[in-house]
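Welcome, and please open the model in your viewer. We will take a short walk through it, one selection at a time.

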Amino acid sequence: MANKPVLAANWKMNPISAKEAGDLVNGILDAAKAQDRVQIAIFPPYIWLLGVLELLAGTNVELGAQNCFWKSSGAYTGEVSAAMLAGICKWVIVGHSERREMGETDDQVAKKAGAALAAGLHVIICVGENQEQHTAGKAAEVVAAQVKAAMAEVAADDSERLVMAYEPVWAIGTGKNADPEHAYRTMRLIRKAAGNLIGQKAGQRLRVIYGGSVNSQNIETYVELPECDGCLVGGASLKADEFSKMINMTAAVYSAGAV
Ligand code: PGA
């Protein structure tokens, strides 16, 4: 795959102090700086964004937020807009299953992705089937429908700033990472479904990554897959040593030209 791979660290609602956030950033910088093959982006909670931004100045590690709102400003208590984030971050995640579980709809995910791209951000859109849908053999159907809905406001020109993350809900935070063959088939389907919407050429340019219980024990089995342009890492990104190891391993796989 000619696309530059990306390794994204989704910190979720962690850590609880600025000091720990700073330690975590400093703990991964050596590994990140030692390579230029993989794009690294970290996604702290909103409250740590400015502090982390300072620590990342002059490094090759990029900053992102975990969510955004689609209106640029106004009476929306508790929300943070894509337009505001664009002044601070390069990236934003939209449609994470933990937000969908709290009531976020396909339509809202589409609006967030559209607003974020319009604001100039790079966007990770998360899709993935839940356990029940997986067991019923409906993964392909569910994921294709989510891709179609979430990309309603995406244009072909946005493809280089778009990453589609395949995150099976049953694999997130459970230690039950997806079988690489299943991940491969679903990631191929995501690229095809995206290509049907914005053109197959643009579909080749966007990146498709895997997320769900990725750690240093299993990351190679994903980044070696031909359709896989990187990983979205939750729990394992909260340990600097573990995430550093994952950076080194990912860089080694892509540098070896295996994919
Ligand atoms: P996990 O989370 O790596 O802890 O499973 C992944 C994610 O939710 O992005």
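Start with the ligand, which sits in the second largest pocket. Keep in mind as you look around that this is a predicted model.

**Stop 1: the shell.** Select the residues around the ligand. How many residues surround the ligand? There are 13, and the closest are Lys 12, His 96, Glu 167, Gly 173 and Ser 213. Try colouring this shell by residue class: you should find 4 nonpolar, 7 polar and 2 charged residues.

**Stop 2: the ligand's oxygen atoms.** Show Lys 12 as sticks next. An N or O atom in the side chain of Lys 12 is 2.7 Å from an oxygen atom of the ligand. Now move to Gly 234 and Gly 235, with their backbones displayed. At Gly 234, a backbone N or O atom lies 2.8 Å from an oxygen atom of the ligand. Gly 235 also offers a polar backbone atom, 2.8 Å from an oxygen atom of the ligand. With those contacts on screen, turn on a surface: taken alone the ligand exposes 280 Å², and the protein buries 96% of that.

**Stop 3: Asn 67.** Leave the ligand and select Asn 67, which is found in the loop between β3 (61-65) and α3 (82-85). Is Asn 67 buried or exposed? Its relative accessibility is 8%, so Asn 67 counts as buried, the cut-off for that being under 20%. To finish, add Lys 112 to the selection: the side chains of Asn 67 and Lys 112 are joined by a polar contact of 2.8 Å.

Notes. Residues are numbered from 1 along each chain as its sequence is written. This is a predicted model: local features need pLDDT of at least 70, side-chain atom pairs count only at pLDDT 80 or more; totals for chains, interfaces and linings use all residues. Side-chain values use heavy atoms; hydrogens and water are left out. A residue is near a molecule or strand if one of its heavy atoms lies within 4 Å of it. A polar contact is a pair of N or O atoms within 3.5 Å; within protein, one must be able to donate a hydrogen and the other to accept it, and residues adjacent in sequence count only if both atoms are side-chain atoms. Accessible areas come from the Shrake-Rupley method with a 1.4 Å probe; for residues, only the protein chains shown count as cover. On a 1 Å grid over the protein atoms alone, a cavity is a set of points where a 1.4 Å probe fits but cannot get out, and a pocket is an open set with protein on both sides within 12 Å along at least five of seven lines; lining residues have an atom within 4 Å of a point. A molecule sits in a cavity or pocket if more than half of its atoms lie within 2 Å of its grid points. Ala, Val, Leu, Ile, Met, Phe, Trp, Tyr, Cys and Pro count as nonpolar, Asp, Glu, Lys and Arg as charged, and the others, Gly among them, as polar. Helices (H or I, at least four residues) and strands (E, at least two) are DSSP runs, numbered from the N terminus. Buried means under 20% relative accessible area, exposed over 50%, partly exposed in between (1.4 Å probe, protein chains only).
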